[in-house]
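Trainee: Could we take a close look at one part of this model together? I'd like to start from a single residue and then work outwards.

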Amino acid sequence: MTEVIVLEKVKSALNRVVENLEKNRQYLNDLDSPIGDSDHGESVCNAFHKVKEVVSDSSAQDIGTLLQEIGRSIIFSGGAAMGPLYGTAFMDAGTALAGKKDLSREDLVKMWEAFAKGIQRRGKVELGDKTMYDTIYPSFQVLKQAFEEGKPLKEMLQAAIEAAHQGMESTKDLVSKRGRSSRLGERSRGHIDPGAASSYFIVEAFFGSLMED
Amino acid sequence: MKKFINRPENLIEEMLAGFVIANANKVRRLETERVLVRKDAPVQGKVGVVTGGGSGHKPAFIGYIGKGLVDAVAVGDIFAAPPVQRAYEAIKASHGGRGVLLCFGNYSGDVMNFGMAQELAQSEGIEVESVIVNDDVASSPRDRMDNRRGVAGEVILWKVAGAMAEEGADLQKMKEVGERAVFNTRSMGVAHTPCILPTSGKPSFEIGPDEMEIGVGHHGEPGIERTKMMSADQVTELLTLKVIEDLPFASGDEVTVLINGLGSTSLLEMYICVRKVAEILSDHNIKIYRTYIGEFFTSLEMGGFSVTLTKMDDELKKYIDAPCDGVHFVQH
């Protein structure tokens, strides 16, 4: 595969994100049952419900603008906690890529750093709080490391997906410090955080789609 | 799932359609967004009072629209915060030239969406303040009050803020008194039966037939302890003592008592409980100023109730006593 990512590729990756979330809607609801109110799948699918429309209607000529449009639509129409969190992440990712018509390996790292920081900024979260950040941040770290080691794009993306998976799994042993589940204290331990899981499905679909030739 | 609904994805829209038809003398719906407002909104010359949150808490939130209460409500999906755009439209629709007070519960989704809507409105020159309700003593220890959920205490805030706005109070004064009303208000609930979420068809939490969850949240969030069922007097005593020791309410205080049914607990049971609340308050030499009893803020058809106490002062008494004409909350 080539070592740059073009606009059309990002568009199909965004559509794939929506499909993956839809596919896992019930699973995310079920994960939310023991430590939340069984609606994470609904919330996150709702937050992304306009994404496909924005992608197909977008007249953006560059990836930064497209991601900002996506972010804005998620923020304004997403609702629940997911709208502001994922919306801010996409908006910040777009801002980091202003004017980019295609993405180099380095741009990808920049994009994902901004995405992770967007989650952190809006949710005021730290690593280990048992949130989506526990999935996103390790995937950024690994992506960056793979870039610095000179790994090809495909290997970078594969490593980031694996790190996101491990990050999601790591939330099982954590005690929640943010959001609704934080009120449970010790009783939140033993369950994967639903937000960390939806973040994994986003990484899996987004990066997985970008990996395809 | 046994519910009288049509398609789950249409239930909010269908409910709102019915609500507007049934209460056309008091409310109307914005054409652009899923926002319900007082029929005469924006009322010029008074501060707008805005609330909102997830659906499934009837009569909250839209039942509190009306004179002396709330001007506009941003309606979310079942148990999910309304998006920024909707909260922003609610602010605009209630702004009568003297600014807007946002009164909502302390949930991360509501805090983020209303917070961003507030910033958006402020950037356009509308004066907006927020009072965030965190009365649920079971949801976090006292040294982490900023992490506590807002439950039935939201009703007390709407009553106070709505009365102040009607009287012509300014926004800063409303924020100050509103925050005091919230600080003086403490609640705790119990549930023995979850609600069934209409979207997924599943219960909001799992619980044994002979068990109850003490400190349950308004969305079926687990509380502080799961125990075997207790009698009305035992559970009322447990809740009331936790609430009293939290502020703490002290000998000589006067309180408003709010007994709130969570959806399927009968008024019969609630009256048994309020009798016990009164007995305990009397033992502590705490005087009841006013009592509200009924369904004020439910969790669909959850079985359970909550006890809320608000410590009164002269100012709060005046606003609690003021008349109001909400859709589901009328006081003469």
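Trainee: Leaving out residues up to four places away in sequence, which residues does Ser94(B) touch?

Mentor: Happy to, and keep in mind that this is a predicted model. Ser94(B) touches Pro42(B), Gly48(B), Val50(B), Asp71(B), Ala72(B) and Val100(B), once those sequence neighbours are set aside. You'll find Ser94(B) in helix α2 of chain B. With a relative accessible area of just 2%, Ser94(B) counts as buried, because the cut-off is under 20%. Its side chain has a polar partner as well: a polar atom there lies 3.1 Å from the backbone oxygen of Ala90(B).

Now hop over to helix α3 of chain B, where Asp110(B) sits. Asp110(B) is buried too, at a relative accessible area of 8%. Ignoring neighbours within four places in sequence, its contacts are Gly52(B), Gly53(B), Ala81(B), Pro82(B), Phe104(B), Gly105(B) and Gly115(B).

Those two helices bring us to the partner chain. Between chain B and chain A, 34 residues of chain B are in contact with 29 residues of chain A. The area buried there is about 2400 Å², and carbon and sulfur atoms give 50% of it. On the chain B side, Met112(B), Met116(B) and Pro222(B) lose the most area to chain A, together making up 22% of what that side buries.

As for polar links, the rule finds one salt bridge across this interface. Its members are Asp30(A) and Lys202(B), whose closest N and O atoms are 2.9 Å apart. Counting residue pairs in polar contact between the two chains, with both residues at pLDDT 80 or more, gives five. Which elements of chain B take part? β5 (72-78), α2 (84-94) and α3 (108-123) each supply at least two residues to the side that touches chain A. The largest share, six residues, comes from α3(B). Sorted by class, the chain B side has 15 nonpolar, 12 polar and seven charged residues.

Let's go inside the chains next. In soluble globular proteins, nonpolar side chains tend to be buried together. Here the largest nonpolar core has 65 residues, and the members touching the most others are Leu14(A), Phe48(A), Tyr86(A), Met111(A), Trp112(A), Phe206(A) and Phe207(A). Helix α10 (residues 194-211) of chain A gives the most to this core, with 10 residues. A second, separate core of 59 residues includes Leu11(B), Val73(B), Val75(B) and Met302(B).

Try zooming in on Tyr86(A) if you want to see how that first core is wired. Beyond its neighbours within four places in sequence, Tyr86(A) is in contact with residues including Val44(A), Phe48(A), Ile74(A), Phe115(A), Ile119(A) and Met132(A). Gly195(A), Ser198(A), Ser199(A) and Ile202(A) are also among its contacts.

One last stop, back in chain B: Phe329(B), in the loop between β14 (324-326) and β15 (330-331). Loop or not, Phe329(B) is buried, with a relative accessible area of 6%. Outside its four-place sequence window, Phe329(B) touches Gly63(B), Tyr64(B), Leu69(B), Val155(B), Lys159(B), Tyr292(B), Phe296(B) and Cys324(B). To place Phe329(B) in the chain, compare Arg98(B): the two are 231 residues apart in sequence and 25 Å apart in space, C-alpha to C-alpha.

Technical notes. Residues are numbered from 1 along each chain as its sequence is written. Chains are lettered from A and ligands numbered from 1 in the order in which they are written. This is a predicted model: local features need pLDDT of at least 70, side-chain atom pairs count only at pLDDT 80 or more; totals for chains, interfaces and linings use all residues. Side-chain values use heavy atoms; hydrogens and water are left out. Contact means heavy atoms within 4.5 Å. Buried area is the accessible area (1.4 Å probe) that two parts lose on being put together, summed over both. A salt bridge is a side-chain nitrogen of Lys or Arg within 4 Å of a carboxyl oxygen of Asp or Glu. A polar contact is a pair of N or O atoms within 3.5 Å; within protein, one must be able to donate a hydrogen and the other to accept it, and residues adjacent in sequence count only if both atoms are side-chain atoms. Helices (H or I, at least four residues) and strands (E, at least two) are DSSP runs, numbered from the N terminus. Ala, Val, Leu, Ile, Met, Phe, Trp, Tyr, Cys and Pro count as nonpolar, Asp, Glu, Lys and Arg as charged, and the others, Gly among them, as polar. A nonpolar core is a set of buried Ala, Val, Leu, Ile, Met, Phe, Trp, Tyr and Cys residues joined through side-chain atoms within 4.5 Å. Buried means under 20% relative accessible area, exposed over 50%, partly exposed in between (1.4 Å probe, protein chains only).
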